[in-house]
Amino acid sequence: MCGIFGISSTKPISNQLIKGLSKLEYRGYDSAGISGHGIKNQLVTIKATGPIKNLNSKLYKLQGITTGISHTRWATHGQPTLKNTHPHLSGDICTVHNGIIENYMDLKSYLKKKSFVFKSDTDSEVICHLINYYFSKSANMQSAIISTANSLEGSYALAAINAQTPHTIYSACKGSPIILGKDVSSNYISSDMTPIVDHTKNYIPMDDNEFSEISSSDIKIFNKNKRVLSKPTKVSKINKNQASLMGHKHFMHKEIYEQKAIIEDMINRYVGKNKILPNIFGHSTDKLLEDIKHIHFVACGTSYHASLVAKDWIEQFTTVTCTAEVASEYKYKKINVLPDTLFVSISQSGETADTISSLKKALKLKYTNTLAICNVAESTLTRLSGMNFLMNAGPEISVASTKAFTSQLFTLLLLTAIISRRYDNTEKRMVQDIRKIGKKIEELYEMEPEIKKISTKFKNKEHTLFLGKGASYPIALEAALKLKEISYIHASAYHSGELKHGPLALVDRRMPVVCFLPDNHLARLVLSNLAEVEARQGQTFIFTNKKIAKNKKQVKVIKMPDCPDLIVPILYIIPAQLLSYHVAIKKKTDVDKPRNLAKSVTVE
Ligand code: AGP
């Protein structure tokens, strides 16, 4: 979703701004713009719809600028047109904004009465006019930004420059992150660390209701009372080389192929011979997990699907009860928290607005503690959560999540094993199964040529059904999400037993039905559900092992390696990820940046 990147330096920065914007591309956007102090400090702005490279032909206008702000816009209020593209301009002031201003209609009518002229349909433009309005009264940018923030309802990360106060970038944030990067003769402002790590690893995250003023030599952070805050500088662990394609055609493909190494690395780090290593979720967490009786999982999208698998695992192997809620629902629900309940948020980015506000809500409730399972160390979620687990899967660039999902599942498997410690030999048996995952993933990669062939059968379809039972149901949900995200084919997932309660009406010889059928105690029931599909001549594609495949000669079977039931969800999703990838390739969609979607969903 929208991204902000700004630099104040002693040297020209226009090329660095473009490069920085490209680093934010993965978040999803549909237009981009840059503003800086030009000759005699007058503001110069360039904007373009579509890809960032469309700015290149206008870049000469920014030659020589040493302070500037830039933005990628993912349209919420107003279409992705030039007039709605940031930066917005009001008098001598330019602004960029991430988030949503909920009271923008009221502010707009107020400002119109004061003769401000609006040029866009965005909620963001009010910010620019408000700063201009307050600056005209106080002639002080700090005061103008604080007064503006006091008038705004909703979420914002904003950056502003003023022709009258050159070489300085002002910013404020609430509910949407801003990170400040610190170097010797340049300082940076950004929505996340990705563009900053190209220049420096030193950073200061801003907290809600904080303001900043950066120049090439100084970073000043202050609160609403203009009191200067002394905040520690942190050192980022992000490695700038991790975000390259390394010979793969798409990040999604690269990330699918990274899963084996990531999980093997996690095994080395966290799994002992017969036990999970002590306190992997943080100081004294084993003791906490020993006493926990309930878990509330909260997440969105793929991360939510991971929580559904965790619920299945934990309830199957322990007496701990779990709920799994979609974050956008959790926030608005009455939540009953029983004693000894742990809140667990799961997020790849750690910047998903719904998940962050759910955590904020949870922090006010009577949970024993809050645990965030996340892939991005310097994210808002990890900063707010009581306990953190960093998956260290490396940056996930493709909008369609793959390696983050299996890393989340692996982490949740570790959580299950630790909780199961209270019961006899369960942890030891789980550890033995966990140790097999890496080798089994290797076997899955060998299936790619076959999956590629099968993908042809989906290319011209408009609808697909995915079926699963038990822990395979969330895998069906995740496989369906992958297919619709990147190939734009409508896909629905059902518990296989639910088919006869409605969706079976959709099945005829044109309908592909993909089924995850591991060889376990539920297989017999799923086979009966599949018989209902076959009787209606649906085109079945079954992921199962050799033994079950033997009796299914008449349908398309994708043979999976034999594996312990515990690790089925981690293994069965991988060929499904490859299937979606190859369908998308055949449909020539933008695999890594599917239409209408953003990598970090920073608005609610
Ligand atoms: C997955 O392929 C999606 N792009 C999406 O559902 C994603 O998982 C969701 O937006 C949550 O993101 P998060 O894990 O970064 O919080």
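**Exercise 1.** How many nonpolar, polar and charged residues does the shell around the ligand have, by class?

*Solution.* The model is a predicted one.
Step 1: the ligand is surrounded by 15 residues, and the closest are S303, S347, Q348, S349 and T352.
Step 2: sorted by class, the shell has 5 nonpolar, 8 polar and 2 charged residues.

**Exercise 2.** Locate the ligand relative to the domains and list its polar contacts.

*Solution.*
Step 1: helices α7 (301–317) and α15 (472–487) each supply at least two residues of the shell.
Step 2: domain 2 (249–435) and domain 3 (439–604) both contribute to the shell, so the ligand lies between them.
Step 3: oxygen atoms of the ligand lie 2.6 Å from a polar side-chain atom of S349, 2.4 Å from one of T352 and 2.7 Å from a side-chain N or O atom of E485.
Step 4: on its own the ligand has 410 Å² of accessible area, and the protein covers 91% of that.

**Exercise 3.** Are K482 and E485 buried or exposed? Describe their pairing.

*Solution.*
Step 1: both residues lie in helix α15, 3 residues apart, about one turn of the helix.
Step 2: their side chains form a salt bridge, with N to O at 3.5 Å.
Step 3: buried means under 20% relative accessible area. K482 is at 0% and therefore buried; E485, at 14%, is also buried.

**Exercise 4.** Which parts does the salt bridge between K360 and D208 tie together?

*Solution.*
Step 1: the N to O distance in this salt bridge is 3.0 Å.
Step 2: K360 lies in helix α9 (residues 353–364) and D208 in the loop between β11 (202–205) and β12 (210–214), so the pair ties together parts 152 residues apart in sequence.
Step 3: K360 is partly exposed at 28%, as is D208 at 33%.

Conventions. Residues are numbered from 1 along each chain as its sequence is written. This is a predicted model: local features need pLDDT of at least 70, side-chain atom pairs count only at pLDDT 80 or more; totals for chains, interfaces and linings use all residues. Side-chain values use heavy atoms; hydrogens and water are left out. A residue is near a molecule or strand if one of its heavy atoms lies within 4 Å of it. A polar contact is a pair of N or O atoms within 3.5 Å; within protein, one must be able to donate a hydrogen and the other to accept it, and residues adjacent in sequence count only if both atoms are side-chain atoms. Accessible areas come from the Shrake-Rupley method with a 1.4 Å probe; for residues, only the protein chains shown count as cover. Helices (H or I, at least four residues) and strands (E, at least two) are DSSP runs, numbered from the N terminus. Ala, Val, Leu, Ile, Met, Phe, Trp, Tyr, Cys and Pro count as nonpolar, Asp, Glu, Lys and Arg as charged, and the others, Gly among them, as polar. Domain bounds come from an automatic or database domain assignment. A salt bridge is a side-chain nitrogen of Lys or Arg within 4 Å of a carboxyl oxygen of Asp or Glu. Buried means under 20% relative accessible area, exposed over 50%, partly exposed in between (1.4 Å probe, protein chains only).
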